[in-house]
Amino acid sequence: MSEHSGLTAREVAERNADGRVNRVAGRNSRSVGQIVRANVLTRFNALIGALCALVLVFGSPIDALFGLIIVVNSAVGVIQELRAKQTLDKLALVGRAPVRVRREGKEVEVPPEQVVLDDVVLLATGEKAPVDGEVVDSDHLEIDESLLTGESDPVDKAAGDRVLSGSFAVAGAGAFRATKVGDDAYAAKIASDAGRFSLAHSELYRGINRFLGLLTWVIIPVGALLVIAQFTRGSNVSEAVIGSVAGVVPMIPEGLVLMTSVAFAVGVIRLGRKRCLVQELPAVEVLARVDTLCLDKTGTLTEPGMRLRAIEPMSGQDEGELRTVLAALVQADERPNATLQAVGVAVGDPPSWPVREKQAFSSARKYSGADFDGQGTWLLGAPEVLLDGSSDIQRRVSELATEGLRVLVLVSAPSLSSSDGRSPAALVVLEQKLRAAAPATLKYFGEQDVTVKVISGDNAAAVGAIAGQVGVPGSGNPCDARTLPDGGDELADAVDHHAVFGRVTPQQKREFVGALRGRGHVVAMTGDGVNDALALKEADLGIGMGSGSGATRAVAKVVLLDDDFSVLPSVLGEGRRVLANIERVANLFLTKTAYSILLALAVGVAQLPFPFLPRHVTLVASLTIGIPGFFLALAPSNERARPGFVPRVLRFAIPAGIACAAATFIAYALARANAGTSLEADRSTATLTLFLVAWWVLLLVARPLNGWKIGLLAASAGAFALIASVPPIAKIAALSVTDPGNDTIGVACAAAAAAALTWVVALLRR
């Protein structure tokens, strides 16, 4: 093996055979086995399975039907997550940046997991190091390691220097030999779970887990009280067990976690169909909470490419000679950025000028240059950086910038490092095409109360002009970021006050995002260039472009594979749909938990037989929560996200649970006081009452009503009426709704509870 020619095919095969290859634990999704175990081996499944076994031993198999919840929950959860995994993995393959390596003297591209130990990996601006290594060749290579080490300044890399996996090139080019791969690499060690497709950082899941943690402590003593009451009131063992199970089962919000997982998974699948790669599942939730969207101009508001519009010579310079200089500058850069590429296309073939020294372009420097043997030193970059701000040239630059044009200046200089003696030779004017969908997209965000801020490295006036053309509010007052303070409240005030920023450095972009988050905003950031990577990592939601740099795609939580900015409203809408619908479902499930606990307490204190058999509980829960909840979890919705998920759900579920429990217990107690009715009839009255109030809760949760929701409510009511009125089915369901007196009491109690609950909910909403 030669350091510079790379490995041979035989050497690569040997390293693959003995495991010296860059394979790490699955990053984007869980394995099939993990998915099955996570959905089957749950706390709730174990508890429901044990209760189901008790019923099968002591009672009727019909009363054990609630055990089917285990099968349904597990099957639906596994199927939906497998679908999401399939979508995610397919898109990840499309969106993954290949790695350039040198093998047998030739440059080839391989997937990141096929890099082997001792491979010579090539790096250029915007490319990410997939493994650790040692530099063997550096052409003014500068690497940003801030995502790993926190060091904000790029690091110059020379032969022999160390390269860390996860860092990325911001200027120049080079090559390094892989010294650590797979799980041994630096990034894998410090962040092995950072990109895992999981729900670990979900605010929604944290709220649900808080509910479940509290319920565990409540269910145990209440369940114990119920069991004791059923045994001490004189029931035989079979009746006591069945009554206890009927009381404990509905306390468990067994479908809440399932519905949440399904809603997230379906969100991933829907976005996948729009060629939108969600790299972390919680990103779907964060989408709904975004209130500030930071956009990079190039590649977001404008099309990715640029076109040279004009070269304006100065001081009697010949345009033909200037084109030769520009062609030489393009030729001097082995991997020119988009700006240099646009210039290169327009100026023609380069001359054969030997390069003595060169300066690679970086977003922090905002210019590049080269010292040509016998032809002098030339620099190309931002006029504000290379020229005196008071020169007459700046007025022409401002005129062009106000038209939305990108302006560079070509200057001759005594050396690459000296800031004195620079002489302007020409203005290089480029134009970009606006994205056709940008105005409509930005209008949508305005209607949704999402504040848009345009943050760019270009001239502030040019950025303001582009932003004005697409309708960004506040674009008439652009801010030059070079005039802003470093950090603190003054910077946060400026970022809050202005909508358009120009001449922003990569470090400032990150500081802007941090300042907005510090003021309580939930920030999404879009970008495609290596200069956007830091800000995307800092944002609550980083949105990268599929054609962008590998570093940007790696840190983004969402990648628009087709660079289609117009997809963003769908992205926001999907997040809001998931969040709003999960809140609806949580209202239903926690209402059931609340009324089950309250009924168990009331029955335990009153020493009454439990008012339901397990089949009654299964019937009511299926028709008012389980089946409707599934449809509500996947329904269209564009409600704006609001903070306070946990308290808001509790504010609804507790009054709703009290209404259900109070109406049911009163109706049941009055029925029991009637000596002429049987326990079966009294339980039927309780079941009727509970269904009516729970159905009304479903109606309140489903609002605002539309055609399909009304149909869903009608189907629920019709199904219960059918089961209660058809004798063979009613017998199986153990329903005997035949006593006019008790049934009237049940309907009256339900109506009173529904009216009271409606008033309380309206009061709380006000």
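**View 1. Helix 17 lies across three strands of the eight-stranded sheet.** In this predicted model, helix 17 (residues 460-469) lies across strand 16 (451-455), strand 17 and strand 18 (500-502). The helix runs at about 145 degrees to strand 18. An open sheet of eight strands has mixed pairing, in the order 8-21-20-19-9-16-18-17. Its edges are strand 8 (276-278) and strand 17 (479-480), each paired on one side only.

**View 2. Strand 19 and strand 20 run parallel.** Strand 19 (residues 523-527) is joined to strand 20 by four bridges. Opposite Met525 stands Gly542 of strand 20. Both strands sit in the interior of the order 8-21-20-19-9-16-18-17, where 20 is written next to 19.

**View 3. The largest cavity has a nonpolar lining.** Rolling a probe the size of a water molecule over the atoms shows where empty space is left. The structure holds five cavities of 30 Å³ or more. The largest has a volume of about 90 Å³. Leu287, Val290, Leu293, Phe445 and Ala524 belong to its lining, as do Leu541, Ile543, Leu568, Val571 and Leu572. By class, that makes 10 nonpolar residues, no polar and no charged ones. Strand 20 (541-545) and helix 22 (568-606) each supply at least two lining residues. Helix 22 gives the largest share, three residues.

**View 4. Helix 22 also lines the second largest cavity.** This cavity holds about 60 Å³ of space. Its lining includes Ala246, Pro250, Tyr595, Ser596 and Leu599. Phe610, Phe612, Val617, Val620 and Leu690 line the cavity too. Nine of the lining residues are nonpolar, one is polar and none is charged. Helix 22 and helix 23 (614-633) each contribute at least two residues. The largest share, three residues, again comes from helix 22.

**View 5. An open sheet of six strands has antiparallel pairing.** The strand order is 10-15-14-13-12-11. Strand 10 (302-313) and strand 11 (355-359) form the edges, and each pairs on one side only. Neighbouring strands are turned by 20 degrees against each other on average, direction ignored. Helix 15 (residues 392-401) packs on this sheet and touches strand 10, strand 14 and strand 15 (423-434). The direction of helix 15 makes about 5 degrees with that of strand 15.

**View 6. Strand 13 is bridged to strand 14.** Five bridges join strand 13 (residues 376-381) to strand 14 (residues 406-413). The two strands run antiparallel. Leu379 has Val411 of strand 14 as its bridge partner.

**View 7. Strand 12 is mostly covered.** Six of the six residues of strand 12 (residues 367-372) are buried. In a regular strand the side chains alternate between the two faces of the sheet. Tyr367, Gly369 and Asp371 point one way from strand 12. Ser368, Ala370 and Phe372 point the other way. All of these residues are buried, whichever way they point.

**View 8. Strand 12 has bridges to strand 11 and to strand 13.** Strand 11 is joined to strand 12 by four bridges, and the two run antiparallel. Here Glu357 stands opposite Asp371 in strand 12. Strand 12 and strand 13 pair over six bridges, also in the antiparallel sense. Phe372 stands opposite Gly376 in strand 13. Three residues lie between the strands of this hairpin. In the hairpin, Gly374 takes a positive phi near 85 degrees.

**View 9. Asp118 and His140 have positive phi values.** Most residues other than glycine have a negative phi, and most peptide bonds are trans. Asp118 has a phi near 80 degrees. This residue is found in the loop between strand 2 (106-110) and strand 3 (120-124). Asp118 has a relative accessible area of 13%, so it counts as buried, under the 20% cut-off. His140 has a phi near 55 degrees. His140 lies in strand 4 (residues 132-144). At a relative accessible area of 35%, His140 is partly exposed.

**View 10. A cis peptide bond precedes Pro704.** The bond from Arg703 to Pro704 is cis, with omega near 0 degrees. Pro704 lies in the loop between helix 25 (679-702) and helix 26 (707-725).

Definitions and conventions
Residues are numbered from 1 along each chain as its sequence is written. This is a predicted model: local features need pLDDT of at least 70, side-chain atom pairs count only at pLDDT 80 or more; totals for chains, interfaces and linings use all residues. Side-chain values use heavy atoms; hydrogens and water are left out. Two strands pair if DSSP finds at least two bridges between them. Axes are lines fitted to C-alpha atoms, for helices over the stretch in contact, and angles run from 0 to 180 degrees between N-to-C directions. Contact means heavy atoms within 4.5 Å. On a 1 Å grid over the protein atoms alone, a cavity is a set of points where a 1.4 Å probe fits but cannot get out, and a pocket is an open set with protein on both sides within 12 Å along at least five of seven lines; lining residues have an atom within 4 Å of a point. Grid points are joined across faces, edges and corners, and a volume is the space filled by probe spheres set on the points. Ala, Val, Leu, Ile, Met, Phe, Trp, Tyr, Cys and Pro count as nonpolar, Asp, Glu, Lys and Arg as charged, and the others, Gly among them, as polar. Buried means under 20% relative accessible area, exposed over 50%, partly exposed in between (1.4 Å probe, protein chains only).
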